[in-house]
Amino acid sequence: GDRRLAIGLREDQYRASPADTQNAVALAGFFAAGMPDRADILTEGGQPAYTDAAWLALSEAQRNAALDQVRNAWRRRAEDIFTATLRRDPKNVDVAEPLSALLRSLGREADAERVLKDAIAAGGTTVGWRGHLALGSLQLQINKRDAAEASFREAIAREEKATRDATRSVIELLLSQERFAMALPYLEDLVTTDPDPAVRYRLAESLMRVGRIDDARKAFEAAPRDGNNPRFGEELLDGALMVATGDRLRAEGKRTEARAAYEAALAPYQRAKAQAPSSPQPFVQDAIAKRQIFQLTGDKTRYAEALAAADRAIALGATFLPACIARADVLLAGGDIPGALGEYDRYLKLVPTSPEIRRRLVDLAVSSGNLDRAEAALRSAISAAPGEFGWHAGLGEVLQLRGRHADAASSFARAAALRPDSGTFLRELVARIRAKDYRGVTDATRRRGDFVRANPTARAYAGIALIGRGEASDGMKTLKES
């Protein structure tokens, strides 16, 4: 529990033995991901720079600036350690991968890709498939899908044909990111050589997720069965396919057939409950099916049953994310917005770090016009995770809606400081223009000069700011150039 002591010990070990790769990666990993607090801000003599009282006396902007200075120093330290370690062992993908992740987080996408490519090239045939998988994963994150698929092909070309480990890892990566359409070719290939029913079930689920319901049913039915005793997972997937069929029929306007499909899903869910009465999952899926029936027909009995199933899921798994989502969705179907917000609040009291539920709470608060609630939720999130880019960007959006453009600009600027992002930077410029902070626009564009010169939209905003400052000639020239 003593973070500073642990880091001090690792620093001592690094100074004594910089070739200790495991220690170096752990030390650099802390500096890459760590979020400093007041106690990490030190004087040149190594003493705390602020007492509690002095810290509280600073403005929020001053506190953020002090924390940013430490965090930026930590990121530079992490890069130095990773780079020195990789210089000693250029082919070590286990070092290149976290360095690449750090560079990507700093907005240096080309450098992030280069680091992994260099490690793979240095290793040659000794690298194996994992380096190519890591490269493909990064390329997906930076929206280079074609390059990612080429990297996955390279990984698979190096796998052991008996185990198909690379293929399985590619599938796991894609499914974890809900890239079901991309995963399908790999799954369809794997089922030709792997008789495990689980592979066919994953294929069936992926087909279902991309709307190929009939093909999903065929894949499900083709999986080997254990006699007349369907297993727990089979029952859940069977029911999910029936619900998906109901959704399709409903979209086609076939209401009677849709209801029949939803009703048919209840039987496998009931059997799944009997097989695993302490599991919340079958109650979650049961609640979803009954909610769909209620929304289709207005049957209040089914609404009550859906809410009861969701309540049971919560009782069995108070921190089970799908249970929270299912219960809130049932309440929303019944028009109970305060109840849904209350469900999100309940979950966040137990799991305050959940980004999914906090995002849902904010979205619902905004869509229902409760901007006070949305702002409070975002500020609470920032208090818990001040280094999270998304919360600051989200707060900026809410403050824009509230007409507080200067405050919104500060939030966008804070988000951009945490993670360089062109969209957030452009939103900052818009907010400053709306706040008539034309000098702030000029200062911001000077800080990002290379980006502004390459981006017509940013140049246009710079021109508007110049006109706003009374420099009409230069402003019009900039606008024309944009």
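User: How much area does the protein chain expose, and what share of it do carbon and sulfur atoms supply?

Analyst: About 23,900 Å², with carbon and sulfur supplying 51%; that's Shrake-Rupley with a 1.4 Å probe. Keep in mind this is a predicted model, where local features need pLDDT of at least 70, side-chain atom pairs count only at pLDDT 80 or more, and totals for chains, interfaces and linings use all residues. Residues are numbered from 1 along each chain as its sequence is written, and side-chain values use heavy atoms, leaving out hydrogens and water.

User: Why is Arg 448 said to sit over the ring of Phe 425?

Analyst: The rule wants NZ of Lys or CZ of Arg within 6 Å of the ring centre and within 35 degrees of the ring normal. The charged end of Arg 448 is 4.8 Å from the centre of the Phe 425 ring, so the pair counts as a charge over a ring. Arg 448 also sits over the ring of Phe 451, 5.1 Å from its centre.

User: What makes Phe 30, Phe 31 and Trp 74 an aromatic cluster?

Analyst: Rings of Phe, Tyr and Trp (its six-membered ring) pair if their centres lie within 6.5 Å, and these three form one cluster. Eight aromatic pairs turn up in the structure.

User: Which residues does Tyr 186 contact, leaving aside neighbours within four places in sequence?

Analyst: Glu 149, Phe 152, Ile 156, Thr 167, Val 170, Ile 171 and Leu 174; contact means heavy atoms within 4.5 Å.

Definitions and conventions. Phe/Tyr/Trp six-rings, centres within 6.5 Å; stacked < 30°, edge-to-face > 60°.
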